[in-house]
Amino acid sequence: MNEAGLAIFVLVAFVAPVPLLAWLDRPPRARS
Amino acid sequence: MYAGHFAAGMAIKAKAPAAPTWGLLVGIGLLDILFGPFVLLGIERVSLTPGVSPGFSLDYIDWSHSLAMAIVWSIAYGALFARYGMRVAGVMALAVFSHFVLDLPMHPPDLALWPGSSIHLGFGLWRSMPTGWWLVELLVIAGALAYYGYRARTERTFGGRVWAVVLVVLLLHIMNSPWLSAF
């Protein structure tokens, strides 16, 4: 890996988990 | 620091549930999200240091990571969320600035006071504790996620899958370990 690869890696590493973690953070389902 | 930033984002969410989670999580990573394009554009410089922890040297990151620019990015990012109210905007700004605070113990002195400043901050755990830094970050993650889990149970307006969040953040931390890292 070169410097440009590292820069892209860091960018992806900080963006990629966002949708999953935000989705998992949804409120708990209401129990009837 | 990597996964610790995400843990901090979840802890901030726990303190301010009205703040959108995606916005917080982008905020905690914003300085590094900017770092990537800045390096590609030649505005900032990094070099690889194989065999020397953490595997790279952040030679010039003043526009994304200096103290002054961290404050600027925090205010600018918070302003994007003004329509959510001042509290949420402030929380978003705090999320961005938390990145600088958490980077401070890990980075060697490469965090300038402002772009071009000769004064650089950083306590250098990456260098002085080539594997120990990972355990220090693990403590940060444990504390932040414990708070997130506690608040999720009492608030019930977020955090419906606390254990899945814990698992994902821990996986990110394991992937970034000095024993597995690509650097």
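1. Pro54(B) sits in the loop of chain B that links strand 1 (45-48) to strand 2 (56-60). The model is predicted, and in it the peptide bond leading from Ser53(B) into Pro54(B) is cis, with omega near 5°.

2. A second backbone point concerns Arg156(B). Its phi is positive, about 65°, although the residue is not a glycine. Arg156(B) belongs to the loop between helix 7 (132-155) and helix 8 (162-175) of chain B, and it follows helix 7 of that chain. Arg156(B) counts as partly exposed because 13 C-beta neighbours lie inside 10 Å, where burial would need 20 or more.

3. On the fold of chain B: the chain contains eight helices and four strands. Read from the N terminus, the order of its elements is α-α-β-β-α-α-α-β-β-α-α-α. Among the contacts in chain B with a separation of 6 or more, 58% join residues that are 24 or more positions apart.

4. On the dimensions of chain B: the C-alpha trace spans about 45 × 35 × 25 Å along its principal axes. The radius of gyration is 16 Å, which agrees with the value near 16 Å for a compact globule, because that is what the rule gives for 183 residues. Of those 183 residues, 46% are buried.

5. Chain A has another make-up. Its secondary structure consists of two helices and zero strands. The C-alpha trace of chain A extends about 55 × 10 × 5 Å along its principal axes. Chain A has 32 residues, and 22% of them count as buried.

6. How many residues does each chain bring to the contact between chain A and chain B? Chain A supplies 22 residues and chain B supplies 29. On the side of chain A that touches chain B, two or more residues come from each of helix 1 (3-15) and helix 2 (17-24) of chain A. Helix 1 of chain A gives the most to that side, with ten residues. Sorted by class, the side of chain A that touches chain B holds 18 nonpolar residues, four charged residues and no polar ones.

7. The largest nonpolar core has 62 residues. Phe6(B), Ala7(B), Met10(B) and Ala144(B) are the members with the most contacts inside it. Helix 2 (residues 21-40) of chain B contributes the largest share of this core, eleven residues.

8. Phe6(B), one of the core residues just named, has contacts in both chains. Neighbours within four places in sequence aside, Phe6(B) is in contact with Pro17(A) and Leu21(A), and also with Leu25(B), Ile28(B), Val169(B) and Leu172(B).

9. Helix 7 of chain B has 24 residues, and its first and last C-alpha atoms are 35 Å apart, close to the 34 Å expected at 1.5 Å a residue. Its buried residues are Trp133(B), Trp134(B), Glu137(B), Val140(B), Ile141(B), Ala144(B), Leu145(B), Tyr148(B), Arg151(B) and Ala152(B). Glu137(B) and Arg151(B) are thus listed as buried, and each counts as charged. The cover over the buried residues of helix 7 includes helix 1 (3-15), helix 5 (86-106), helix 6 (125-128) and helix 8 of chain B. Ala144(B) is a buried residue of helix 7 and is also named among those with the most contacts inside the largest nonpolar core.

10. Is His65(B) buried or exposed? His65(B) is buried, because 27 other C-beta atoms lie within 10 Å. The residue is in helix 3 (residues 62-65) of chain B. Residues up to four places away in sequence not counted, His65(B) touches Leu31(B), Phe35(B), Ala70(B), Phe100(B), Asp103(B) and Leu111(B). Gly132(B) is 67 residues from His65(B) along the chain, and their C-alpha atoms are separated by 23 Å.

11. Ser66(B) lies in the loop between helix 3 and helix 4 (67-79) of chain B. This loop residue is buried, because 25 other C-beta atoms lie within 10 Å. Beyond residues up to four places away in sequence, Ser66(B) touches Leu111(B), Ala112(B), Leu113(B), Trp114(B), Pro115(B) and Ser117(B). Leu111(B) is in the contact list of Ser66(B) and in that of His65(B). The C-alpha atoms of Ser66(B) and His120(B) are 8.3 Å apart, with 54 residues of separation along the chain.

Definitions and conventions: Residues are numbered from 1 along each chain as its sequence is written. Chains are lettered from A and ligands numbered from 1 in the order in which they are written. This is a predicted model: local features need pLDDT of at least 70, side-chain atom pairs count only at pLDDT 80 or more; totals for chains, interfaces and linings use all residues. A residue is buried if 20 or more other C-beta atoms lie within 10 Å of its own, exposed if 12 or fewer, and partly exposed in between; C-beta atoms are placed from the backbone. Two residues are in contact if their C-beta atoms, placed from the backbone, lie within 7 Å. The radius of gyration is taken over C-alpha atoms; the globule rule is 2.2 Å times the number of residues to the power 0.38. A nonpolar core is a set of buried Ala, Val, Leu, Ile, Met, Phe, Trp, Tyr and Cys residues joined through C-beta atoms within 7 Å. The expected span of a helix is 1.5 Å times one less than its number of residues.
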